[in-house]
Amino acid sequence: MMPIFLSAVPVLKKMEDAGFEAYFVGGSVRDFVLGKEVADVDIATSATPQEVKQIFPKTVDVGIEHGTVVVIWGKDTYEVTTFRTESEYIDFRRPAEVTFIRSLEEDLKRRDFTMNSMAMDKEGRLIDPFSGREAIQNKIIETVGSASERFHEDALRMMRAARFVSQLSFTVERNTYQALIENAPMLAKIAVERITAEFEKLLLGENRCPALKLLIDTGLYQYLPHLRENKAPLTKLLELELGSLSLIEMWTLLLYILGIKQEEAEVFLKQWKLPVKKIKAVKGILSWLRFRLQSAWSLESVYEAKLAQAIHAEKLYNTVKGQPAALSIEALKQLYDTLVIKDRQELKVGGYDLMEWEKRRGGLWVKEKLDSIEKAVLNGEVQNEKETIREWLYKCNQN
Ligand code: ATP
Ligand code: MG
């Protein structure tokens, strides 16, 4: 067993000693079987949340109504969730009520895909009633039970299928695929934030192009914010070599490919319920990408964009052009390195100097003069020294 599971074994033992069953479940078991690194382990138990709280002295109620209690164990924390079913669904979104049960198998049965429906005991033995291991060996995503029913119960599972295609490079089993097509419209019932969370994982996955293709081919894209009317441009995205683009770069590329205008970007991203900070970052990069498609970098533009934003834009420029980025990013960095100042703060002359020199009160003229000084310093027309700038200003027809 991997160390991350081993350190949780005492937690399972303690629950068993108290007379309950406890297992590792969910994504951690899937990733273990896949031979991938496991970030955190989930534990499922026959003990009710109250019983879990009696067993462990230190716990936190996080999602107690869903049966989850966080157990604090030394310096580690574990999410311990009571076996449950979610039989009744209201409006295809959320189970009307969670019923706690004592049977592991019933708990595994309500899980979305067979690869996610395995459990592992403290000895490292796999409990796999739905052949999740086989699905993993065959690199297949298939629902536990009737795909149509499972997607009808909770339409988010369709987005989860697509993001697992992206993350794991698996393919969707035939019946499950057919059910995606049939149930795609159900996605409209799901809260956008939950869709976005899955979509962002999809955008970051290694296999993102086939996952995007799946969204297009199954019709799921039609129920994603602002994509319905954009099938053709979306398809263009598949032709690009996306290499190592980051999340904000992927969002920016999406906006660019869809031909979203600068002033429409905010509305688009707000529909996806992205946080303000991310929206701002994407808008900035988008505008520099459009700049870059018109012109090469100059001292002034790289200064204004700042290095990080310029690199994002340059990566995307190369993606759009279908050319490798390494060299041009190196050149961009070198250009940035040659900047005499990286920020206006570094100018050796400020507004107060100008007012004193000219014995004038502040006003727009100060900003205008500082702008021209900044530009001259950047372009090497004058050295960034107070006296030199003063001489340059008043002895060389600068007024
Ligand atoms: P990740 O590695 O990205 O966390 P995960 O499979 O662990 O992937 P989680 O959202 O953490 O995803 O969910 C944990 C487990 O809960 C899943 O493996 C699955 O068994 C079950 N699960 C999660 N979401 C659903 C859902 N919508 N319907 C049914 N089961 C679900
Ligand atoms: Mg998980």
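This passage describes the surroundings of ligand 1 and the packing of helix α17 in a predicted model.

The ligand site is considered first. In the model, 13 residues surround ligand 1, and the closest of these are Arg 30, Asn 116, Asp 154, Arg 157 and Arg 163. Two helices, α3 (27-34) and α8, each supply at least two residues of the shell around the ligand, and the greatest contribution comes from α8, which gives four residues. The record in UniProt, an unreviewed entry, places the feature "binding site" at Gly 27, Arg 30, Arg 111, Asp 154, Arg 157, Arg 160 and Arg 163. Of the positions named in that record, Arg 30, Asp 154, Arg 157 and Arg 163 are also listed among the closest residues to ligand 1 in the model.

Several arginine side chains place polar atoms at short listed distances from oxygen atoms of ligand 1. For Arg 163, a polar side-chain atom lies 2.8 Å from an oxygen atom of the ligand; the corresponding distance is 3.0 Å for Arg 111 and 3.1 Å for Arg 160. On its own, ligand 1 has 590 Å² of accessible area, of which the protein covers 73%.

Two of the annotated arginines can be followed further within helix α8, which spans residues 156-168 and includes Arg 157. Arg 157 counts as buried because its relative accessibility is 4%, which falls under the 20% limit. The side chain of Arg 157 also makes a polar contact, at 2.8 Å, with the side chain of Glu 153. Arg 160 is likewise placed in helix α8, but its relative accessible area is 22%, so that this residue is classed as partly exposed, a class that lies between the 20% and 50% limits. When residues up to four places away in sequence are not counted, Arg 160 touches Asp 112, Phe 113, Asn 116 and Glu 198. Asn 116, one of these contacts of Arg 160, is itself listed among the residues closest to ligand 1.

The second region lies farther along the chain, where UniProt, again in an unreviewed entry, lists residues 249-393 as "domain: CCA-adding enzyme C-terminal". Over this range the chain is 69% helix and 0% strand, and the C-alpha atoms at its two ends are 42 Å apart.

Helix α17, formed by residues 307-321, comprises 15 residues and reaches 21 Å from its first C-alpha to its last, close to the 21 Å expected at 1.5 Å a residue. The buried residues of this helix are Ala 310, Ile 311, Ala 313, Glu 314, Lys 315, Leu 316, Tyr 317, Asn 318 and Thr 319, and they pack against α13 (247-257), α15 (276-294), α16 (299-305) and α18 (326-337). Just after α17, Gly 322 takes a positive phi of about 70°.

Within α17, Thr 319 illustrates contacts made with parts of the chain distant in sequence. With a relative accessible area of 8%, Thr 319 is under the 20% limit and is therefore buried. The C-alpha atoms of Thr 319 and Leu 240 are separated by 6.7 Å, although the two residues are 79 residues apart along the chain. Leu 240 is also among the residues that Thr 319 touches, together with Glu 241, Leu 242, Leu 245 and Leu 253, again not counting residues up to four places away in sequence.

Terms used. Residues are numbered from 1 along each chain as its sequence is written. Chains are lettered from A and ligands numbered from 1 in the order in which they are written. This is a predicted model: local features need pLDDT of at least 70, side-chain atom pairs count only at pLDDT 80 or more; totals for chains, interfaces and linings use all residues. Side-chain values use heavy atoms; hydrogens and water are left out. The expected span of a helix is 1.5 Å times one less than its number of residues. Buried means under 20% relative accessible area, exposed over 50%, partly exposed in between (1.4 Å probe, protein chains only). Contact means heavy atoms within 4.5 Å. UniProt positions are given in the numbering used here, feature names are shortened, and annotations may be inferred rather than shown by experiment. A polar contact is a pair of N or O atoms within 3.5 Å; within protein, one must be able to donate a hydrogen and the other to accept it, and residues adjacent in sequence count only if both atoms are side-chain atoms. A residue is near a molecule or strand if one of its heavy atoms lies within 4 Å of it. Accessible areas come from the Shrake-Rupley method with a 1.4 Å probe; for residues, only the protein chains shown count as cover.
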